[in-house]
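Please open the model in a viewer and keep the selection panel at hand. The tour below proceeds by selections, each followed by a description of what is found there.

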Number of protein chains: 2
Amino acid sequence: MTDLHLPLDRTAGRLAAQIAAGFRGAVRSGRLTAGTRLPSSRDLARDLDVSRGVVVAAYEQLTAEGFLVARRGDGTRIAPLARPDEGPPPADGATPPPSGPRPEPEFPYDLWPGRPDLSAFPRERWIAAARTALRTLPHDELTYPDPAGVPALRAELAGYLARVRAARADPARLVIMNGVAQGLSAHLRLLHDDGHDVLAVEDPTHDRQLPMLAASGLRVVRVPVDGEGMDVGALARTGARAVLVTPAHQYPTGVVLSPARRAELISWVRDVDGLILEDDYDAEFRYDREPVGCLQGIEPDRVVLLGSVSKSLAPALRLGWAVAPPVMAGRLREHRENTDLGAPVLEQYALAGFLGGGGYDRHLRAMRRRYRSRRDALAEALDVHLPGAVVRGVSAGIHLYVELPEGCDEAGVVARAARAGVSVAAAHPMWSPARAGHARPALVLGYARLPESRLVKAAELLGQAITHGAGG
Amino acid sequence: MTDLHLPLDRTAGRLAAQIAAGFRGAVRSGRLTAGTRLPSSRDLARDLDVSRGVVVAAYEQLTAEGFLVARRGDGTRIAPLARPDEGPPPADGATPPPSGPRPEPEFPYDLWPGRPDLSAFPRERWIAAARTALRTLPHDELTYPDPAGVPALRAELAGYLARVRAARADPARLVIMNGVAQGLSAHLRLLHDDGHDVLAVEDPTHDRQLPMLAASGLRVVRVPVDGEGMDVGALARTGARAVLVTPAHQYPTGVVLSPARRAELISWVRDVDGLILEDDYDAEFRYDREPVGCLQGIEPDRVVLLGSVSKSLAPALRLGWAVAPPVMAGRLREHRENTDLGAPVLEQYALAGFLGGGGYDRHLRAMRRRYRSRRDALAEALDVHLPGAVVRGVSAGIHLYVELPEGCDEAGVVARAARAGVSVAAAHPMWSPARAGHARPALVLGYARLPESRLVKAAELLGQAITHGAGG
């Protein structure tokens, strides 16, 4: 039976399991085909120099699994169902693409927007919070969690969001979610179930979120954003009764929804008996004044506040929350119960400890200082190196919206900048097709991850990318 | 302006923020109503003994948030939109019920099935794995993860599942999920999108999973389980093309799907061009022999293997996986991209380290010994104290299915046992209404969390609960 190729490692033990694995491999590789009769256990035991019981055990195992069929008078055969591999899986959708929302080469000057300074993640303090949590948790807390989130975290977050975001965030309204993404997708599902068929979204908006919105089954309509934020009159004309907005710091333009528009938006949502989804994605980072309190604090019965630690700590934690009207919060909890049974518990306790111990506030203060000086450095350098460009929006967040001189070739600038080692996002894809043609060429620059000196150099290279385009 | 009740803590700083918070509270409590005119900034500054700039900053903040409206010639007023709280939220669905799938009192003898021995969770080794992961991860790994799971974990799991479960688990087929629950709900969603309208489920089955199945929109049909596992002939007659099964250790009966039925099931899925969802929930725990390899290893193109660490480590980790045909794995990844952007990264790396370092295997070996002696102790004690009862199923898992003597009042036994401090599950709710009436009365006992001596005592109390019922 040398053709069976059953190599045994006698020092490793579990000989029956080794023999069974060898047979499975032989079937999968096609060396043994369906219907092939196997040697008797006695013969194989002699060939392999093992006891017969070992082979009998291996055969029984494979028979129980369906690889072999044993019939009285017919010996033991490879089961007719067993089939070899079809070779490597097909290429279409088979191998998931590499990680992250944007497969990208390494850029010396990475100004792609949307990610915080990950080198500042407080690793040691996070580990300490996780260790404290795991050492002090009663055993029973290691079972299935409350799908709405562990009460300790909901209580800490409720206090934090009331204090920092002026939210109406009692624990009964708070549901822990895997980032804003899950909070958003879950609400879209509930809106769909409620008979909504349209979702209004800002124009321009976070373009890489659009596939998720489309997957909800809702029709997405775009509503223009101007210097005061979303045009509520235009919103009213869409017929939508649900809207996704970024009032504290519009993405990508950086505009803050004006007091008048806030009032209009709230009147609108009451008039249409609708729902506002308020994405509070970087509201902790306002450098010129106190952050504007959230809309949810004004109209908690018709606004859902969605937030996360993705910009304040790290996206990898997948920790976020929804502050929703109580009935909606109950449905959200049920949604988690019916989809994933809730968020991992240890990280929830780690965040609760981090919030309660003041570590989160300290981290935010430090990051606010760091980001502010990076923003200022970049804005100043753009002033020098990109004459004619205009930085839009308020002093906040972790990105800048920079309008280029009229007639500039936006895509060309992005491509030339990339060749010079500077990764930036074009604004064009963030606009609806209808308005993209009218929008002034612009770039969206994430400045969170580079120190001041490198931001200045990046601005210089960007300036050259524009000049060379104009010259060529 | 004493009626404004704006208490200031002058040692705490941020006086403008304190004043703003005081006004928000006054509006919410109803003390200040819409339209109320506020004192001028000069007057309020004098009353509060702060500089005028502090009050101006507070008013500007509240105006930006929409709490106040300032009009030339009309002073500053509470905005017409601002409304007080409506009191505590309504009771219907408002306050999420307490945590866990089963709100329960503390029982001295907790034999509720479905949970492992959480006191054995290797806390220190898990923390060490998490710390190693966090200390060695490059910064870039703290960004948005691959929605399919981090490659390091998929590679470790692929090796583990091939070795221990005889699965066809290359990383391109593996998607990390938040437990079996998310793997299951995501597949049900995809099946629904593909036009499936029926899902076949075992009878009896894990009853607390049924609401999740119903929420998928698929119609659930039940297929009888006998001593060989699911009746595949009956399955074929349902017209379903998708089935959820527990072949390694049927829940709750403990039956292993026989070789003949495995072959029938695979023939069936090929015939109907369907899909088998294989819930491998406690397959690591087989005490009498090697675990039977998974069905997915035989027919990887039509079987999805769903597993997790909920029984092997702790449900609180919410770490699970799906091993699916490559095209399905690609869609599953897209599903995560459109719903929650993937699982938290640190715990994925911790599990990868735990698997790679051999800690997971060692933990499983230790738990297998512990559970086996608990199972044996309980089975022996049942033999003594429950004469006439029959323990069904193979020596595996963390629960026993115990048939009571004919005519026994199952619900009465459960209630009397509870009064004696013994928590057990009645089998009745796990059967379909059609078959529940014919099923012999039975209990499902989880033995994972009690030491042998207490299991023996629990069996004695259970015996009394049966005897007293018969006598009363």
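## Chain B: a salt bridge between helices

Select R163(B), which counts as exposed at 52% relative accessibility. This is a predicted model, and every value in the tour is to be read accordingly. Add D361(B) to the selection: its side chain meets that of R163(B) in a salt bridge, with an N to O distance of 3.1 Å. R163(B) belongs to helix α5 (residues 151–165) of chain B and D361(B) to helix α12 (residues 359–385) of chain B, so the pair ties together parts that are 198 residues apart in sequence.

Next, select R46(B) and D43(B), whose side chains also meet in a salt bridge, here at 3.4 Å, N to O. Both residues lie in helix α2 (residues 41–48) of chain B, three residues apart, which is about one turn of the helix. R46(B) is exposed, with 58% relative accessibility, whereas D43(B) is partly exposed at 30%.

## Chain B: the four-stranded sheet

Display the strands of chain B in the order β12-β13-β16-β15; these four form an open sheet with antiparallel pairing. At its edges stand β12 (390–392) and β15 (425–426) of chain B, each with a single partner strand, so one side of each is left without a neighbour in the sheet. Within the sheet, select β13 (residues 399–403) and β16 (residues 442–446) of chain B, which run antiparallel and are joined by five bridges. To see one position of this pairing, pick E403(B), which stands opposite A442(B) in β16(B).

## Chain A: strand β13 and its partners

Move to chain A and select strand β13 (residues 399–403). Five of its five residues are buried, so the strand is largely enclosed by the rest of the structure. Both faces of β13(A) are covered: L400(A) and V402(A) are buried on one side, and H399(A), Y401(A) and E403(A) are buried on the other.

Which strands should be added to the selection? One is β12 (residues 390–392) of chain A, which runs antiparallel to β13(A) and is joined to it by three bridges. Here V390(A) has E403(A) as its bridge partner in β13(A). The hairpin of β12(A) and β13(A) has six residues between the strands, and G393(A) in this hairpin takes a positive phi near 85°. Another is β16 (residues 442–446) of chain A, which pairs with β13(A) in the antiparallel sense over five bridges. Y401(A) has V444(A) as its bridge partner in β16(A).

For a contrast in accessibility, select G357(A), in the loop between α11 (345–356) and α12 of chain A. G357(A) is exposed, at 52% relative accessibility. Draw a distance from its C-alpha atom to that of V402(A): the two are separated by 38 Å, while the residues are 45 apart along the chain.

## Chain A: the eight-stranded sheet

Now select the open sheet of eight strands in chain A, in the order β4-β11-β10-β9-β8-β5-β6-β7, where the pairing is mixed. Its edge strands are β4 (174–177) and β7 (229–230) of chain A, each of which pairs on one side only. Strand β6 (residues 219–226) of chain A pairs with β7(A) in the antiparallel sense over two bridges, and D226(A) stands opposite G229(A) in β7(A).

Keep D226(A) selected and add R261(A); their side chains meet in a salt bridge of 2.8 Å, N to O. R261(A) lies in helix α9 (residues 259–271) of chain A and D226(A) in strand β6 of chain A, so the pair ties together parts that are 35 residues apart in sequence. Is R261(A) buried or exposed? R261(A) is buried, with a relative accessible area of 10%, whereas D226(A) is partly exposed at 33%.

## Chain A: charged groups

Select D146(A), R154(A), R333(A) and E337(A), which are linked in a network of salt bridges. Over all chains, the count of salt bridges comes to 57.

For the last selection, show R125(A), R362(A), R365(A) and R369(A), which form a positive surface patch. Helix α12 (residues 359–385) of chain A contributes the largest share of this patch, three residues. R369(A) lies in this helix and is exposed, with a relative accessible area of 58%.

Technical notes:
Residues are numbered from 1 along each chain as its sequence is written. Chains are lettered from A and ligands numbered from 1 in the order in which they are written. This is a predicted model: local features need pLDDT of at least 70, side-chain atom pairs count only at pLDDT 80 or more; totals for chains, interfaces and linings use all residues. Side-chain values use heavy atoms; hydrogens and water are left out. Patches are made of residues with over 30% relative accessible area and no salt bridge: like charges are joined within 9 Å, nonpolar side chains (Val, Leu, Ile, Met, Phe, Trp, Tyr) within 5 Å. Accessible areas come from the Shrake-Rupley method with a 1.4 Å probe; for residues, only the protein chains shown count as cover. A salt bridge is a side-chain nitrogen of Lys or Arg within 4 Å of a carboxyl oxygen of Asp or Glu. Lys and Arg count as positive and Asp and Glu as negative; His and the chain ends are not counted. The place of a charge is taken as NZ of Lys, CZ of Arg, CG of Asp or CD of Glu. Buried means under 20% relative accessible area, exposed over 50%, partly exposed in between (1.4 Å probe, protein chains only). Two strands pair if DSSP finds at least two bridges between them.
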